[in-house]
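Colleague: I want to learn how to read helix packing, cores and odd backbone angles in a model. Could you take me through one?

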Amino acid sequence: MNASVKIEGLSKSLGGHAVLHDVNLDMAPGEFVVLIGASGSGKTTLLRLVGGLERADAGRIEIDGNCVDAPAERRFVVPERRGLGMVFQEYALWPHLSCLENVTAAIPRGEKRREERARELLESVGVAHAAGKRPHQLSGGQQQRVGLARALAVRPRLLLLDEPLSSLDVDTRDQLRMEIRRVVREAGVAALFVSHDPADAWRLADRVAVLEGGRLVQFDTPEALYRAPATPGVARFTGAQGGFEGDLRGPGIVLAGVDVAAHHRQSGLNGHGALYVRPQGVRANGAADGLPAECLHAVFEAGRYRVYWRVPGVDQPLVSLEDAPPSAQARLRIEPEQAFIFAPALARRTTD
Ligand SMILES: Nc1ncnc2c1ncn2[C@@H]1O[C@H](COP(=O)(O)OP(=O)(O)OP(=O)(O)O)[C@@H](O)[C@H]1O
């Protein structure tokens, strides 16, 4: 079966600034991909290229087996002929039309019973009651539901969503996130969803694509990202703190004179590295061979204590999660499965 999206060697500059470099990405039919990255990493630009709102400088984009952008072949297909539904952060509904009219207008003219189908779409996203209202009479979450219904009205093979939840409050965002997942699966469409919120990646994605500085640095399942982050930036995205710099010894790194083992170490490192570790992988369990640490402060958070420790010779606090209030001094044990070592230069570049 054709990939729903196939992106090869895609590059793009804007205003003389290289925004995307040689991006390769394949999506399977019906796959939900969340595209994440820091502000300015190129997420929106990649989405706009797939949507046809920008033209590639180099490379090739196929949607459902059809080439839609390939500068070398002088090929470019306009957005409305790409079989796409699009949902944006700002709801972009027509203000002078009712919600029902907004959705009906998006259904191709040749279809029969357009209004009936528009009502079904509004029903499927939970806003049937708002059919006769204008967009401004609805909450942000309801408007975004109408936006989703309108995007599905064109019977897309691929849905593009650009931070559709970012203007919403936390509860509405959680609810709508699950609705989007359900509706998209039921419709059987592939979705490319841009976000900078890790919750979107964990709760929505079949695979997560991570952009850093316009390069795709990892593209894998949420579980694979969590178990083996490819860069310090991905490690941070999975909740890791760092980088704690030290000399490499054996399979690990030396901090405060103590050997710390790490499950994953970047290959080709030269004597020195930076450790990244998730707080849930640090425990003040008193092991004699643990890192010597002095408690700086502790806060109660979600049923546990989040404790900030000073480790001699380490220039930033190390955080652990504890079940009980901490003592003033402790020995910290680091679980190798939660620890990752990268090159310090790489670490500095992505944390600057
Ligand atoms: N029209 C433009 N002209 C010049 N530079 C641009 C233009 N549009 C975007 N850029 C630059 O391209 C880079 C990537 O922008 P893009 O909007 O794709 O990033 P993003 O990852 O979506 O960021 P955000 O999360 O902040 O929306 C940024 O440095 C941005 O300043």
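Colleague: Which residues in H4 meet which residues in H5?

Modeller: This is a predicted model. From H4, take Gly140, Gly141, Gln144, Arg145, Leu148 and Leu152. They meet Thr172, Leu176, Ile180, Val183 and Ala187 in H5. An α-helix has 3.6 residues a turn, so residues three or four places apart point the same way.

Colleague: At what angle do H4 and H5 pack, and how far apart are their axes?

Modeller: Two packed helices are described by the angle between their axes and the distance between the axes. H4 covers residues 140-153 and H5 covers residues 170-187. The angle is about 15°, and the axes are 11 Å apart. H4 and H5 are therefore roughly parallel to each other. Their crossing is right-handed.

Colleague: Now H2. Which of its residues are buried?

Modeller: Cys99, Leu100, Asn102, Val103 and Thr104 are the buried residues of H2. They pack against H3 and H4.

Colleague: Take H3 before H4. What are the angle and the axis distance for H2 and H3?

Modeller: H2 (residues 99-106) and H3 (residues 114-124) pack at about 115°. Their axes are 9 Å apart. The crossing of H2 past H3 is right-handed. On the H2 side, Cys99, Leu100, Val103 and Thr104 make the contact. On the H3 side, Arg114, Glu115, Ala118, Arg119, Leu121 and Leu122 make the contact.

Colleague: And what are the angle and the axis distance for H2 and H4?

Modeller: H2 and H4 pack at about 20°, with axes 7 Å apart. That makes H2 roughly parallel to H4. This crossing is right-handed too. H2 brings Cys99, Asn102, Val103 and Ala106 to the contact. H4 brings Val146, Ala149, Arg150 and Ala153.

Colleague: On to the core. How many residues are in the largest nonpolar core, and which have the most contacts inside it?

Modeller: In soluble globular proteins, nonpolar side chains tend to be buried together. Here the largest nonpolar core has 93 residues. Those with the most contacts inside it are Val33, Leu35, Leu122, Ala191, Leu192, Phe193 and Leu275. Helix H4 gives the largest share of this core, six residues. Domain 1 and domain 2 both give residues to the core, so it lies between them.

Colleague: Pick Ala191. What is Ala191 in contact with?

Modeller: Set aside its neighbours within four places in sequence. Ala191 is then in contact with Phe32, Val33, Leu159, Leu161 and Val184.

Colleague: Where do the two domains run, and how far apart are their C-alpha centres?

Modeller: The domain assignment gives domain 1 (5-227) and domain 2 (232-351). Their C-alpha centres lie 37 Å apart. The contact takes eight residues from domain 1 and five residues from domain 2. On the domain 1 side, strand S10 (207-212), strand S11 (215-220) and helix H7 (222-227) each supply at least two of the residues that touch domain 2.

Colleague: Zoom out. How many helices and strands does the protein have?

Modeller: It has nine helices and 22 strands. Its C-alpha atoms fill a box of roughly 75 × 50 × 35 Å along the principal axes. Of its 352 residues, 41% count as buried. Now consider contacts between residues at least 6 apart in sequence. Of these, 66% join residues at least 24 apart.

Colleague: Now the backbone. Which residues other than glycine have a positive phi?

Modeller: Most residues other than glycine have a negative phi, and most peptide bonds are trans. Arg74 is one case to inspect, with phi near 50°. Arg74 sits in the loop between strand S5 (66-70) and strand S6 (75-76). Ala302 is another, with a positive phi of about 50°. The loop holding Ala302 runs between strand S18 (291-301) and strand S19 (304-310).

Colleague: Is Arg74 buried or exposed? And Ala302, buried or exposed?

Modeller: The cut-off for exposed is 12 or fewer other C-beta atoms within 10 Å. Arg74 has 6 other C-beta atoms within 10 Å, so Arg74 is exposed. Ala302 counts as exposed because it has 6 C-beta neighbours inside 10 Å.

Colleague: And which residues does a cis peptide bond join?

Modeller: The cis bond joins Gly242 and Gly243, with omega about -10°. Gly243 lies in strand S12 (residues 241-249).

Conventions:
Residues are numbered from 1 along each chain as its sequence is written. This is a predicted model: local features need pLDDT of at least 70, side-chain atom pairs count only at pLDDT 80 or more; totals for chains, interfaces and linings use all residues. A nonpolar core is a set of buried Ala, Val, Leu, Ile, Met, Phe, Trp, Tyr and Cys residues joined through C-beta atoms within 7 Å. A residue is buried if 20 or more other C-beta atoms lie within 10 Å of its own, exposed if 12 or fewer, and partly exposed in between; C-beta atoms are placed from the backbone. Helices (H or I, at least four residues) and strands (E, at least two) are DSSP runs, numbered from the N terminus. Domain bounds come from an automatic or database domain assignment. Two residues are in contact if their C-beta atoms, placed from the backbone, lie within 7 Å. Axes are lines fitted to C-alpha atoms, for helices over the stretch in contact, and angles run from 0 to 180 degrees between N-to-C directions. Angles under 35 degrees count as roughly parallel, over 145 as roughly antiparallel, 65 to 115 as roughly perpendicular and the rest as oblique. A crossing is left-handed if the near helix is turned anticlockwise from the far one by less than a right angle, and right-handed if clockwise.
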